[in-house]
Amino acid sequence: MLGIYGGTFNPVHYGHLRTAIEVSEIFALDELRLVPCSQPAHRDEPEVSAVMRVQMLQLAIQKTPQLQIDTRELERVGPSYMVDTLASIRAEIAVDRPLFLFIGTDAFNGLSRWYKWQDLFNYAHIVVMTRPTFKPETLVKFYADKLVNDKHSLKSCASGKIYFQQVTQLDISATFIRRIFAMQRNPSFLLPEAVIEYIQAKQLYTA
Ligand code: ATP
């Protein structure tokens, strides 16, 4: 089973990395790919280039073979739409191989604004990574029809379901980290030391 974890990763932090490891183990994935977006479709373009965001990801996971980086969104022009990414991955794998897209609850809350969001389910299952206290509001029918409560049933089909998985969510955001750097405060323990050193060497997020 293949998992996809998309994001801006501006910069990557332990909130991403801890949840990535957990879902990789919980779902016994063969592979979990972090997919950095080139040009986010739903927000301003990051001031740090996609190439640099990839370099930070490489530093972050260099000793974590469970995680890989898939840079296909950098090779496309125009906005990075997840539906295009999933379609291209699906075209490369067996039709019956389960594909999982992992998203946080903040991303789930905005999902209906994603380009062709309903088509995501043609290519993958969506797993929403939640906190133990998370109670999904009454799900709209579109989701309710796709909801499964037993994660093992996700393995019996290649795509089309939604599942809510509790994970250890660290209350860390890239926005907070950028602010820490801008204020010249100590970012230790929010993100890997190698990424901190890279940011400092390149003088990123200084303003
Ligand atoms: P920003 O603060 O710039 O909005 P971010 O920290 O939310 O960034 P993104 O790269 O935008 O990071 O997020 C990519 C994915 O990771 C999304 O699905 C998001 O829900 C999830 N995510 C981000 N931070 C966490 C966290 N602390 N715990 C679990 N999931 C997270």
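**Exercise 1.** Which polar backbone atom is 3.5 Å from a nitrogen atom of the ligand?

*Solution.* The model is predicted, so local features need pLDDT of at least 70, side-chain atom pairs count only at pLDDT 80 or more, and totals for chains, interfaces and linings use all residues. Residues are numbered from 1 along each chain as its sequence is written, and side-chain values use heavy atoms, with hydrogens and water left out.

Step 1. Recall the rule: a polar contact is a pair of N or O atoms within 3.5 Å; within protein, one must be able to donate a hydrogen and the other to accept it, and residues adjacent in sequence count only if both atoms are side-chain atoms.

Step 2. Apply the rule to the nitrogen atom of the ligand: the polar backbone atom at 3.5 Å belongs to Gly-15.

**Exercise 2.** Describe the surroundings of the ligand, from single contacts to the whole shell.

*Solution.*

Step 1. Look at side chains that face oxygen atoms of the ligand. A polar side-chain atom of Thr-175 lies 2.5 Å from a ligand oxygen, and one of His-13 lies 2.8 Å from a ligand oxygen.

Step 2. Turn to the surface. The ligand taken alone exposes 600 Å², and the protein buries 88% of that; these accessible areas come from the Shrake-Rupley method with a 1.4 Å probe, and for residues only the protein chains shown count as cover.

Step 3. List the neighbours. The ligand has 21 residues around it (near means that a heavy atom of the residue lies within 4 Å). Those that come nearest are His-13, Asp-106, Leu-170, Ala-174 and Thr-175.

Step 4. Sort the shell by residue type. It holds seven nonpolar residues, 11 polar and three charged. Here Ala, Val, Leu, Ile, Met, Phe, Trp, Tyr, Cys and Pro count as nonpolar, Asp, Glu, Lys and Arg as charged, and the others, Gly among them, as polar.

Step 5. Assign the shell to elements. At least two shell residues come from each of β1 (2-7), α1 (14-26), β4 (99-104), α4 (105-109) and α7 (174-182). Helices (H or I, at least four residues) and strands (E, at least two) are DSSP runs, numbered from the N terminus.

**Exercise 3.** Classify the ring pair of Trp-117 and Phe-142, then place the pair in its setting.

*Solution.*

Step 1. State the rule. Rings of Phe, Tyr and Trp (its six-membered ring) pair if their centres lie within 6.5 Å; planes under 30 degrees apart count as stacked, over 60 as edge-to-face and the rest as tilted. By this rule there are 14 aromatic pairs.

Step 2. Apply the rule. The ring centres of Trp-117 and Phe-142 are 4.9 Å apart and the planes stand at 70°, so this pair is edge-to-face.

Step 3. Locate both residues. Because Trp-117 is in the loop between α4 and α5 (120-123) and Phe-142 is in helix α6 (residues 141-144), the pair ties together parts that are 25 residues apart in sequence.

Step 4. Check accessibility (buried is under 20% relative accessible area, exposed over 50%, partly exposed in between; 1.4 Å probe, protein chains only). Trp-117 has 16% and is buried, whereas Phe-142 has 22% and is partly exposed.

Step 5. Add the other rings. Ring pairs join Phe-108, Trp-117, Phe-121, Phe-142, Tyr-143 and Phe-164 in a cluster.

Step 6. Look for a charge over a ring (NZ of Lys or CZ of Arg within 6 Å of the ring centre and within 35 degrees of the ring normal). Lys-146 lies over the face of Phe-142, 3.9 Å from the ring centre, and over the face of Phe-121, 5.6 Å from the ring centre.

**Exercise 4.** Where do Gln-184 and Tyr-205 lie, and is each buried or exposed? Add the peptide bond from Asn-10 to Pro-11.

*Solution.*

Step 1. Start from the usual case: most residues other than glycine have a negative phi, and most peptide bonds are trans.

Step 2. Take Gln-184. Its phi is positive, near 55°. Gln-184 is in the loop between α7 and α8 (193-202) and is exposed, with a relative accessible area of 74%.

Step 3. Take Tyr-205. This residue also has a positive phi, about 55°. Tyr-205 lies in the segment after α8 and is buried, at 6% relative accessibility.

Step 4. Take the bond. The peptide bond from Asn-10 to Pro-11 is cis, with omega near 0°, and Pro-11 belongs to the loop between β1 and α1.
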